[in-house]
Amino acid sequence: MNELKALNKSLLLMITVMLIFSACSSRKYTSRPAVGSTTAARAAEAMSHLKSRELYRFINDWTGVQYALGGLDKTGVDCSGFAFLLQKNIYGSVLPRRSRDQADVVNEKSIASLNEGDLIFFSFGGNTVDHVGVYLNHNFFVHASTTRGVVVDDLSIPAYQRAFVKAGSLKK
């Protein structure tokens, strides 16, 4: 009987260890592309092709600022706050504060006809717009990511393609 208990304990310990190791090995990580990776190189190239030097400086100055819901400064900013500040400081345009309201003040365009500074809207949580970014060029845009802060990302990433709602330039 004691041998059976010892065997059961050993078996339970072995199964627990196997589960721990298998869980660790199957974990999926999301992170920024490594410096030198194709995406990072393409993002740097998109930044180097910006027509507006002021936009380039603005993005460099804000890159890495952490996400904060409702934030509007460098201690934290959300996506609509970042788009609001960028449009105000670079283009002198006033946007509504919320992304879904910002989506209402654009003339819709296809992705292929977007210009530097146009807005791109996404829905990650359902049918309504809940995220906004600013188009740069070569299929890249800048936005305040909830997990990575202010970053330049590739619009052709499948998650962005699935969540894309609309894009366009501000109505005059």
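Phe 122 is buried, with a relative accessible area of 0%. That makes it a good place to start exploring this model, which is a predicted one. Phe 124, by contrast, counts as partly exposed, at 44% relative accessibility. Ring pairs link Phe 122, Phe 124, Phe 141, Tyr 160 and Phe 164 into a cluster.

**Aromatic pairs**

There are nine aromatic pairs in the structure. A pair of aromatic rings is described by the distance of the centres and the angle of the planes. Here are two of the pairs:

| Pair | Centre to centre | Angle between planes | Kind |
|---|---|---|---|
| Trp 62 and Phe 82 | 6.1 Å | 65° | edge-to-face |
| Phe 122 and Phe 124 | 5.8 Å | 25° | stacked |

The pair of Trp 62 and Phe 82 is edge-to-face because its planes meet at 65°, and the cut-off for that kind is over 60 degrees. Trp 62 belongs to helix 3 and Phe 82 to helix 4, so this pair ties together parts that are 20 residues apart in sequence. Both Trp 62 and Phe 82 are buried.

**The nonpolar cores**

Phe 82 turns up again in the largest nonpolar core, which has 31 residues; Phe 82, Leu 119 and Val 142 have the most contacts inside it. Two or more residues come from each of helix 2, helix 3, helix 4, strand 4, strand 5, strand 6 and strand 7. Helix 4 gives the most, with six residues. If you look around Leu 119, you will find that the residues it touches include Ala 83, Leu 95, Val 106, Val 132, Ala 167 and Leu 170. A second, separate core has nine residues, among them Phe 122, Phe 141, Tyr 160 and Ala 167.

**Strand 8 and its partners**

Strand 8 spans residues 164–170, and five of its seven residues are buried, so the strand is largely enclosed by the rest of the structure. Strand 3 (residues 106–108) runs antiparallel to strand 8, and three bridges join the two. Within this pairing, Asn 107 stands opposite Ser 169. Strand 4 (residues 119–122) also pairs with strand 8 in the antiparallel sense, over four bridges. Here we meet Phe 122 once more: its bridge partner in strand 8 is Phe 164.

**One side of helix 2**

Which residues of helix 2 are buried? In this helix, which covers residues 38–48, they are Ala 43, Ala 46 and Met 47. Why do they lie on the same side of helix 2? They cover an arc of only 100° around the axis, which puts them there together. The spacing fits a general pattern: an α-helix has 3.6 residues a turn, so residues three or four places apart point the same way. The cover over these buried residues includes helix 3 (53–62), strand 5 (131–137), strand 6 (140–145) and strand 7 (149–154).

**A buried histidine**

Strand 6 is also home to His 143. Is His 143 buried or exposed? Its relative accessible area is 2%, and residues under 20% count as buried, so His 143 is buried. The side chain of His 143 makes a polar contact with the side chain of Asp 153 at 2.7 Å. Another polar contact, at 3.4 Å, joins the side chains of His 143 and Tyr 160. Among the other residues that His 143 touches are Phe 82, His 131, Val 132, Arg 148 and Val 151. Two names here are already familiar: Phe 82 from the largest nonpolar core, and Tyr 160 from the second one.

Methods
Residues numbered from 1 in each chain as written. Predicted model: local features only at pLDDT ≥ 70, side-chain atom pairs only at ≥ 80, totals over all residues. Heavy atoms only, no water. Buried < 20%, exposed > 50% of the residue type's maximum accessible area, 1.4 Å probe, protein only. Arc of directions from axis to C-beta. Contact = heavy atoms within 4.5 Å. Polar contact = N/O pair within 3.5 Å; in protein donor to acceptor, adjacent residues only side chain to side chain. Pairing = 2+ DSSP bridges. Core = buried A, V, L, I, M, F, W, Y, C linked by side-chain atoms within 4.5 Å. Phe/Tyr/Trp six-rings, centres within 6.5 Å; stacked < 30°, edge-to-face > 60°.
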